[in-house]
Amino acid sequence: MSEHRFWNTQPVPQYDEDDTEEIGPIDPVQSADEIQKTPYPLLGQFEWSECTVEDPKEIDEIYQFLNNNYVEDDDAMFRFDYGRDFLQWALMPPGWRKEWHVGVRVKQSRKLVGFITAIPARLSIHGSSKDTVEIDFLCIHKKLRSKRLAPVLIKEITRRVNLVGIFQAVYTAGVLLPRPLSRCRYHHRSLNPKKLIKVGFSRLAPRMTMMRTIKVYKLPEKPETPGFRRMEEKDVDSVLELMRKKYKDYKLAVEFSKEEVAHWILPHENVVYSYVVEDPETKQVMDFCSFYLLPSSIIQNTEYDTLSAAYLFYYVVDATRMEMVMRDILIEARNVGCDVFNALDVMENTSFLKDLKFHIGDGELNYYLYNWKCPRMEPQENGLVML
Ligand SMILES: COc1cc([C@H]2SCC(=O)N2Cc2ccccc2)c(Br)cc1O
C-alpha cells in the first residue's frame, strides 16, 4: 500500500503504522476560518458545478452519469443502477447541503464528467459522538480515468465540509486503501435462481437440476411472523427508541434523530421498505427491519438488462424472532420483484445468513475514516450501513 501517491498525503492511518489503541484526529485541530475559501483548481477544460438534486432534470443527469460510469464488479458483468428516486432520497436527508453535491462539468459542453457527495451524520465511534459526513457516489467518467481527477474531487469536498467546521468523514470502498477501519463481506440470497444462473451470477450446483434448485430457494407466499406489518408514521418514536438502545452497542453507528429515522426508515415506494413486528396483545412495537432497492445493470446479456436487488438496511430484531423476521423480508423483497437479497456480515447478520441460505459473494466492502485514528473493529461490531 506504499504506492498510494494520494492517500500517503492524507490524514489517514498509513499501512506501516501499528494498531495502537490511540483515539483522536490525525491532523492538528483547525478552525473553519483557516480553511481556503476558493475551490481547488481544475484542469483547463473543466469547471465545478453544484448539482440541484431537487430538479428532476439534474437528478436525471446524475442518474444517467452514474448508470454509465459508477461501480462495476471485477469481471465487469454488473454495474450499480441507482434509481432517480433513490438518489433524491439518499442526497436530501435532514441537514443536507447543496454545496455538498459536487459535480465536475466540461466547460463548453456542460457535460457532467465527475461527481462526489457528502451528507451530515452524527457518528458514535468507539463510544464517542462526532459530527462527521458520509462521503458517497465518487465517480469519474470512464473516459477520464487516471487523470488524477479523483484526488481533486476528494480535496474539494473535504474543503467544503471543513468550511462548516466538520473535520471527520466516513466512506466505503470495494478496493483496499490505507487503512480499513473494518473489512466486511457481502452475502447473497437467491430469490430468482433461474435468472441469477442465466445472467451468470450463480451457477447450478453439481448434480442439481434447475427444478430442484428453484425448490431449494422457494419461499412462502406471505410473511408468517405474528404482528408483522409495514412501518407507519406512528411507529417512528418506537423505532427511534429501539435503535437508540441497540446501536450504542456497536463500535460504529449513526446516532439518528427522530427526523432521520423518519427520513431513512419510513417506507419510500420503490426505494426503501420497512416493517415492524407489533405484539398482538400489547400492540407494542417489538422489532423493526428494512431493506433498500438498488438494481444493477447487466452489462452483457441478451435476455436481461437489469438485476433487481434488495439490500438489508437497519433493523432491531429480538434474537428469538430473528430468523423468522428475516425470512419475512426475503418474502417481501421477492414479492416486490427482487432477484437477489444482499446483506453484509455486519451487526448480527451472521446469526441468520447460513440458515436462510445466503452464500458469500466475492464483493468485499471496506469502511474508512478520514482524519480519525482509532482501533479497527470486527464486522459484527459495525452498525453502519452506507448506500
Ligand atoms: C458480482 O458480485 C457482486 C457484485 C456487487 C456489486 S459490484 C457492481 C454491482 O452491480 N454490484 C451489485 C450486485 C450485482 C450482482 C449480484 C449482486 C450484487 C456486490 Br455489492 C457484491 C457481489 O458479490
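# Chat about helix α8, a sheet and two cores

Me: Which residues of α8 are buried?
Reply: Met322, Val325, Met326, Asp328, Ile329, Leu330, Ile331, Glu332 and Ala333. Buried means under 20% relative accessible area, exposed is over 50% and partly exposed is in between, with a 1.4 Å probe and protein chains only. Helices (H or I, at least four residues) and strands (E, at least two) are DSSP runs, numbered from the N terminus.

Me: And what am I looking at overall?
Reply: This is a predicted model: local features need pLDDT of at least 70 and side-chain atom pairs count only at pLDDT 80 or more, while totals for chains, interfaces and linings use all residues. Residues are numbered from 1 along each chain as its sequence is written, and side-chain values use heavy atoms, leaving out hydrogens and water.

Me: OK, back to α8. How far apart are its end C-alpha atoms?
Reply: They are 20 Å apart, which agrees with the 20 Å that the 14 residues of α8 (322-335) should span at 1.5 Å a residue. The expected span is 1.5 Å times one less than the number of residues. Glycine 337 follows α8 and has a positive phi, near 100°.

Me: Switching to the open sheet, what's the order of its three strands?
Reply: β2-β12-β13, with antiparallel pairing. Why are β2 and β13 left with one side without a neighbour? β2 (78-80) and β13 (306-307) stand at the edges with a single partner strand each, so one side of each has no neighbour in the sheet. Two strands pair if DSSP finds at least two bridges between them.

Me: How many bridges do β2 and β12 pair over?
Reply: Three, in the antiparallel sense, with β12 covering residues 296-298. Phenylalanine 78 stands opposite isoleucine 298 in β12.

Me: Is serine 296 in β12 buried or exposed?
Reply: Serine 296 is buried, with a relative accessible area of 9%. Beyond its neighbours within four places in sequence, serine 296 is in contact (heavy atoms within 4.5 Å) with Phe78, Arg79, Phe80, Asp81, Asp305, Thr306 and Leu307. The C-alpha atoms of serine 296 and aspartate 81 are separated by 4.7 Å, though the two are 215 residues apart along the chain.

Me: New topic. How many residues has the largest nonpolar core?
Reply: It has 101 residues, and Tyr292, Phe313, Tyr314 and Phe341 have the most contacts inside it. Strand β14 (residues 309-316) gives the most to this core, eight residues. Apart from it lies another core of 30 residues, among them Val12, Leu144, Ile157 and Ala173. A nonpolar core is a set of buried Ala, Val, Leu, Ile, Met, Phe, Trp, Tyr and Cys residues joined through side-chain atoms within 4.5 Å.

Me: What is phenylalanine 341 in contact with?
Reply: Leaving out neighbours within four places in sequence, the contacts of phenylalanine 341 include Ile329, Leu330 and Ala333. Ile329, Leu330 and Ala333 are also among the buried residues of α8.

Me: Any odd backbone geometry? Where's the cis peptide bond?
Reply: The cis bond joins proline 178 and arginine 179, with omega about -10°. Arginine 179 is in the loop between β6 (169-173) and β7 (182-190).

Me: And what's phi at phenylalanine 137?
Reply: It's positive, about 60°, although phenylalanine 137 is not a glycine. Phenylalanine 137 belongs to strand β5 (residues 128-140) and is buried at 1% relative accessible area. Arginine 148 also has a positive phi, near 55°. Arginine 148 is found in the loop between β5 and α3 and counts as partly exposed at 41% relative accessibility.
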